[in-house]
Number of protein chains: 4
Amino acid sequence: MARTTDGNGTPVPQRLLAAATRLFAEQGYDRTSVQEIVEAAGVTKGALYHYFGSKEDLLQEVYSRVLRLQQERLDAFADADAPVEERLRDAAADVVVTTIENLDDASIFFRSMHHLSPEKNKRVRAERRRYHERFRALIEEGQKSGVFSSATPADLVVDYHFGSVHHLSTWYRPDGPLSPEQVAGHLADLLLRALRP
Amino acid sequence: MARTTDGNGTPVPQRLLAAATRLFAEQGYDRTSVQEIVEAAGVTKGALYHYFGSKEDLLQEVYSRVLRLQQERLDAFADADAPVEERLRDAAADVVVTTIENLDDASIFFRSMHHLSPEKNKRVRAERRRYHERFRALIEEGQKSGVFSSATPADLVVDYHFGSVHHLSTWYRPDGPLSPEQVAGHLADLLLRALRP
Amino acid sequence: MARTTDGNGTPVPQRLLAAATRLFAEQGYDRTSVQEIVEAAGVTKGALYHYFGSKEDLLQEVYSRVLRLQQERLDAFADADAPVEERLRDAAADVVVTTIENLDDASIFFRSMHHLSPEKNKRVRAERRRYHERFRALIEEGQKSGVFSSATPADLVVDYHFGSVHHLSTWYRPDGPLSPEQVAGHLADLLLRALRP
Amino acid sequence: MARTTDGNGTPVPQRLLAAATRLFAEQGYDRTSVQEIVEAAGVTKGALYHYFGSKEDLLQEVYSRVLRLQQERLDAFADADAPVEERLRDAAADVVVTTIENLDDASIFFRSMHHLSPEKNKRVRAERRRYHERFRALIEEGQKSGVFSSATPADLVVDYHFGSVHHLSTWYRPDGPLSPEQVAGHLADLLLRALRP
DNA sequence: TATGAATGAGGCTTCATTCAT
DNA sequence: TATGAATGAAGCCTCATTCAT
């Protein structure tokens, strides 16, 4: 407790990160000023720079959070003990639900990568690649065992599905007619149907 | 003729638009300064403000170009005289090819919408909606006539496919293993397979 | 005439440079803010950055001016048609007069070198070295022909004299008892007397 | 003892002063942040402000140290029991050796005086004046007794010599060809030769 | 004796746009 | 039709110092 939480009980760094995430998603990284962030978090600029080396570090933090979360979930589903079509379906649906539940993170993720410095960008790309490959491996597994069609290269199938995930932040609205789970179910269905032999 | 083309024969406004398109795609709209644009186009700031009212107008111009082009092509394919599955397939493949052939336009389109003023943004959204609805109508037509499955709402199917189009600018590289037509073929296949009853 | 001189007839870049020179000499480079400079010059910050790329460029400009001036004068005296002791004496006295007449430039020169970026610093050092060597050549010429003592290495003699030039900005006051020419005469005398065989 | 020396046996205040001296000499006073100093000394900011009232106090401490040391040495040589030319020669050589042995102190001394507050600056000037006068008295003594030429005002001679001392921090390198004693010998020679009647 | 979070003022720089020519 | 000097607001970041613990 005490000083690090002044006001509402949440530690300053987390307050800053939450404010930055919301503002980056709403207005874009470049359009969000440090001043707006600190005002939204109820601290001063000095405090921000006490915890984060730069505005870009805040962005990097968002990326780390997203990457870690998604990779963990994918690993859990992919390693499960179930038929490959079930594992793929669960993983494909889960990434949709998780993305919708963190839609701010997602819009930032897909729209602000070029705002990261080249070296941080490279690190992020490397982690995404790892994620992509894990997902692709699932598809290839099914293709080899014949439960999935091999008509389309697995790489392309991955990009097909992730295109739709990426796109969610463009059209999904929490007050729309479909729940996250329903959307996830439909998108996973489409993927699996496209893969039918 | 004459002064408006100084140097290489292309009129100044087009030179400016070409320079802006490339730079916006490479660096993002906010990261591109008016100074950079005029330098890349080989003119001065005065010239830019002679032809365009503001930096945002250049962006708006890119949007107009993309929207007009895609709508024209979609209309042509959708109105063709052919079975619905063929019309959908052709339209779905064509938007992929056209997008790849104008990848700079596409990255700008999907990434810079929030840089347009609210009113211009609204106009763009309206036109996209029109495009979306024309595409959706094709799918609904097939669903009604039974050639497509009705398991997934047509709206969602549209977003599924356009997610993958949107995503192209993230992963497609001209020097990659697949030609634009091959990619288009695969993505259209995936869509139609997902729609099999 | 016209816009570039608004106010008092001197072009803006020169006004800025004059203001910066005075302020850098009075307060030091780091203690002088860009704000102070533009206020003293009667322009806005934007104008400064229209003409100079950075605060450091202003400093670099002072260095260029000093180096060019001193090198020209040394070359003129060293190349004259006169006995070496006369050429050395004239050169040694002249650098004192010139330094006193540009005392602001001189204090900046000797005190602010470490504020230049490494690469600019290197360039300045190279030019100073050239100056040093021209001066040393004069002394060596006299040592070889026997009119100067060879007891002290010529390099050290150069540094001995330039130490006193460097030091002028520390103690010389225009309202003191000695005119620039008198000081110059005395310091040149000291040098030549120290070199008597 | 105990906590004040944590780590390597040197008391905290001295560690701070040593770190500050090195950093001020390397980068200049303004370019050195309190953060850098405490990091170099291996302590925290709180510790620095426990021992020193401000960053400026650290600078003031360097000045005190230099002034005390040089004055003590000059007094010793000037008060010795020897002919005036020998006393002057020894004093002139000694200040060179001492300066070279404390080159960091010297660069700070000559370059950072304007960073002291007006009142501290005044105190330092007064002490330097006292030093200057003691040195000048030696020269005047020799001039009166006829062993030194009176062609140049004694004040100017002092400044001539101290210019070269001041200048040492600009050009002297420990790995150069001359030892401190050799440089001192040469510079003292030059002074005495210049004073030959 | 020492910590380190937090402040608040100020620093340098960038930039879209205007306007006299 | 075009120039480019100049503006003015805003942006990111640094830093010496304080203070509750």
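**Notebook: helices and copies**

I began at helix 7 of chain B, where Y131(B), H132(B), F135(B), R136(B), I139(B), E140(B) and Q143(B) meet A154(B), D155(B), V157(B), V158(B), D159(B), H161(B) and F162(B) of helix 8. Contact here means heavy atoms within 4.5 Å. Helices (H or I, at least four residues) and strands (E, at least two) are DSSP runs, numbered from the N terminus. I sorted the residues of this contact by class and got 7 nonpolar, 3 polar and 4 charged. In that sorting, Ala, Val, Leu, Ile, Met, Phe, Trp, Tyr, Cys and Pro count as nonpolar, Asp, Glu, Lys and Arg as charged, and the others, Gly among them, as polar.

A note before going on: this is a predicted model, in which local features need pLDDT of at least 70, side-chain atom pairs count only at pLDDT 80 or more, and totals for chains, interfaces and linings use all residues. Residues are numbered from 1 along each chain as its sequence is written, chains are lettered from A and ligands numbered from 1 in the order in which they are written, and side-chain values use heavy atoms, with hydrogens and water left out.

**Same pair, geometry**

I then looked up how helix 7 (residues 118-145) of chain B lies on helix 8 of chain B: their axes come within 9 Å and cross at roughly 120°. Axes are lines fitted to C-alpha atoms, for helices over the stretch in contact, and angles run from 0 to 180 degrees between N-to-C directions. Helix 7 and helix 8 of chain B are therefore oblique to each other. For that wording, angles under 35 degrees count as roughly parallel, over 145 as roughly antiparallel, 65 to 115 as roughly perpendicular and the rest as oblique. I noted the crossing of helix 7 and helix 8 of chain B as right-handed. A crossing is left-handed if the near helix is turned anticlockwise from the far one by less than a right angle, and right-handed if clockwise.

**Another partner of helix 8**

At what angle do helix 5 and helix 8 of chain B cross? I found roughly 15° for helix 5 (residues 84-101) and helix 8 (residues 154-171) of chain B, with axes that come within 9 Å. That makes helix 5 of chain B roughly parallel to helix 8 of chain B. From helix 5 of chain B come A92(B), V95(B), V96(B), T99(B) and I100(B), and from helix 8 of chain B come H161(B), F162(B), V165(B) and L168(B). I counted 7 nonpolar, 2 polar and no charged residues in this contact of helix 5 with helix 8 of chain B. This crossing of helix 5 and helix 8 of chain B is right-handed.

**Towards the N terminus**

Helix 1 (residues 12-27) and helix 2 (residues 34-41) of chain B pack at about 130°, with axes 8 Å apart. That makes helix 1 of chain B oblique to helix 2 of chain B. I sorted the residues of their contact into 9 nonpolar, 1 polar and 3 charged.

**Chain A on its own**

I find 9 helices and 0 strands in chain A. Its C-alpha atoms fill a box of roughly 60 × 40 × 30 Å along the principal axes. Chain A averages a pLDDT (the predictor's confidence in each residue, from 0 to 100) of 93, and 96% of the residues score at least 70. Over residues 1-7 of chain A, pLDDT stays under 50. Where pLDDT is low, the predicted coordinates should not be read in detail.

**The copies**

I laid chain C on chain D: a turn of 180° and a shift of 0.1 Å along the axis give an RMSD of 0.1 Å. Copies are superposed by least squares on the C-alpha atoms of residues with pLDDT of at least 70 in both. Chains C and D are thus related as by a two-fold rotation axis. No contact joins chain B and chain C, whose closest C-alpha atoms lie 12 Å apart.
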